[in-house]
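Work through the exercises below with the structure in view. Each task is followed by a solution in steps.

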Amino acid sequence: MINRTEGPAEGDTSGTGAGGVLRQPRAVWATAGASVVAFMGIGLVDPILPSIARGLDATPGQVSLLFTSYFLITAVAMLLTGFVSSRIGGRRTLLLGLALVVVFAGLAGTSDSVGELVGFRAGWGLGNALFVSTALAVIVGAAAGGSAAAILLYESALGLGMACGPLLGALLGNASWRYPFFGTAFLMAVGFLCITAFLKEQPKPARRTSPLDPLRALGHGGLASVAASAFFYNYTFFTVLAFTPFVLDMTPYRSGAVFFCWGLLLAVFSVIVAPRLQARLGSPKVLGGSLVLLAADVLVLGYGDHATAVVCTVLSGAFIGVNNTVYTELALGVSDAPRPVASAGYNFVRWFAAAAAPYFAPKIEEWSDVHVPFVVAAVTALLGAAVVHVRRGALTGKAEEQAPVHAVEDGVAVFAD
């Protein structure tokens, strides 16, 4: 087991260990590079959603199922990733996940109907879940200089991937909506070869994980409260991510630029701003306040003019970055369950909202008008804040006493946002 409070090597005053963030083995860089591409896959289709709709003669609701199928499979896979990695090892789990992404991303680019594309995107979600949920454990296990530098590198890969996904989608998608899928398959194939060449097999955990363990962990009141609040929040998050491109109705280049700026704010506020706010105000206050501000932001987004909608879309990245960090810390520290198990249960619940929002937002627009989906998203953010307020007693105590976030236990990764 790797202790998350592990400090830097003796004589190192950087706080990141002797190896530092940049001085890492090739195995770490190979895994981190593949992680960037894996996280890029989440927002890759954002700027090309309207292009896909036109290319396949599909409605916005049908195209939004690209997110629904992806995250529905990801949610279910959260119960299986620990089961798989605790039996075949981290390296083989990474390679299996990468192989699935290569195959299904490539097939997605050949789709002749929106149904085929949605199905291939689901297979992509399974591969991505296996890869991302194991990458942190592998990076920490192979990193030089202790876990601090490795975790910072992983968080940086997450932020960079979330920022660059829409940009890559725009650059390749401006020529054809198919090219971003082929580009992702190519980059993940390169990652597969690099991990094959540079990463040695990681030791298997002493105890195997059962698929039912994450569900049992949700019996803890604090963890169940975090998951419930995150469920409402994720509905808001993915209304912004999956529905806003249709409202903005911009070219792939411009839409990609908007979501690139959104991703940069998400990365900065997740890695730099959120920890400082937590140290000063505490997690429940920071989370509740950020959710209320996010609700106000998406409400203005829905009722503002085009320029206001662009500004509010970018600004939402700041609140989403703060929320992602605080939710993950609370989920990992609020209960006595092993962190990988608690994380899997938490992610199992919240990813269902990520699957629901892209489906329901266009449907709500069809039943009403373009403003109402954002009203619903604002309400769900406020519901998430209400759960935090009502259950704040269950979210403090043990969670507030924990050392800094994110960890790996018994060789199985904690799935970060």
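**Exercise 1: a long helix**

Helix α10 bends by about 35° at Ala-242, and a proline, Pro-245, follows within four residues. The model is a predicted one.

Task: Find what end-to-end span helix α10 should have at 1.5 Å a residue, and set it against the distance between its end C-alpha atoms.

Solution. Step 1: helix α10 covers residues 221-248, which is 28 residues. Step 2: the expected span is 1.5 Å times one less than the number of residues, and for α10 this comes to 40 Å. Step 3: the end C-alpha atoms of α10 are 40 Å apart, which agrees with the expected value.

Task: Decide whether α10 is largely enclosed by the rest of the structure or not.

Solution. Step 1: a residue is buried when its relative accessible area is under 20%. Step 2: 22 of the 28 residues of α10 are buried, so the helix is largely enclosed.

**Exercise 2: two residues with positive phi**

Task: Locate Asp-249 and state the sign of its phi.

Solution. Step 1: Asp-249 follows α10, in the loop between α10 and α11 (252-281). Step 2: its phi is near 50°, a positive value in a residue other than glycine. Step 3: most residues other than glycine have a negative phi.

Task: Is Asp-249 buried or exposed? Answer likewise for Asp-57.

Solution. Step 1: exposed means over 50% relative accessible area. Step 2: Asp-249 has 55%, so Asp-249 is exposed. Step 3: Asp-57 has 73% and is therefore exposed. Step 4: Asp-57 sits in the loop between α2 (49-55) and α3 (60-63), and the phi of Asp-57 is near 50°.

**Exercise 3: two threonines**

Task: Place Thr-209 and Thr-184 in the secondary structure, and classify each as buried or exposed.

Solution. Step 1: Thr-209 is in the loop between α8 (179-198) and α9 (213-217), while Thr-184 lies in helix α8. Step 2: the relative accessibility of Thr-209 is 12%, so Thr-209 counts as buried. Step 3: Thr-184 has a relative accessible area of 3%, so Thr-184 is buried.

Task: List what each threonine touches, leaving aside residues up to four places away in sequence.

Solution. Step 1: Thr-209 is in contact with Gly-82, Phe-83, Ser-86 and Arg-87. Step 2: the C-alpha atom of Thr-209 is 8.7 Å from that of Ser-85, although these two residues are 124 apart along the chain. Step 3: Thr-184 touches Val-37, Leu-44, Ala-105 and Trp-124.

**Exercise 4: the core**

Task: Find which residues have the most contacts inside the largest nonpolar core, and where this core lies relative to the two domains.

Solution. Step 1: the largest nonpolar core has 110 residues, and Ile-52, Phe-71, Phe-131, Phe-181, Ile-195 and Phe-238 have the most contacts inside it. Step 2: α10 gives the most to this core, with 14 residues. Step 3: domain 1 (24-205) and domain 2 (210-410) both give residues to this core, so the core lies between them. Step 4: beyond its neighbours within four places in sequence, Phe-71 is in contact with Ile-42, Phe-238, Trp-351, Ala-354 and Ala-355.

**Exercise 5: the whole chain**

Task: Describe the protein chain by its secondary structure, burial and contacts.

Solution. Step 1: the chain has 17 helices and 2 strands. Step 2: of its 417 residues, 59% count as buried. Step 3: among contacts between residues at least 6 apart in sequence, 87% join residues at least 24 apart.

Notes: Residues are numbered from 1 along each chain as its sequence is written. This is a predicted model: local features need pLDDT of at least 70, side-chain atom pairs count only at pLDDT 80 or more; totals for chains, interfaces and linings use all residues. Side-chain values use heavy atoms; hydrogens and water are left out. The bend at a residue is the angle between axes fitted to the seven residues ending there and the seven starting there. Buried means under 20% relative accessible area, exposed over 50%, partly exposed in between (1.4 Å probe, protein chains only). Contact means heavy atoms within 4.5 Å. A nonpolar core is a set of buried Ala, Val, Leu, Ile, Met, Phe, Trp, Tyr and Cys residues joined through side-chain atoms within 4.5 Å. Domain bounds come from an automatic or database domain assignment.
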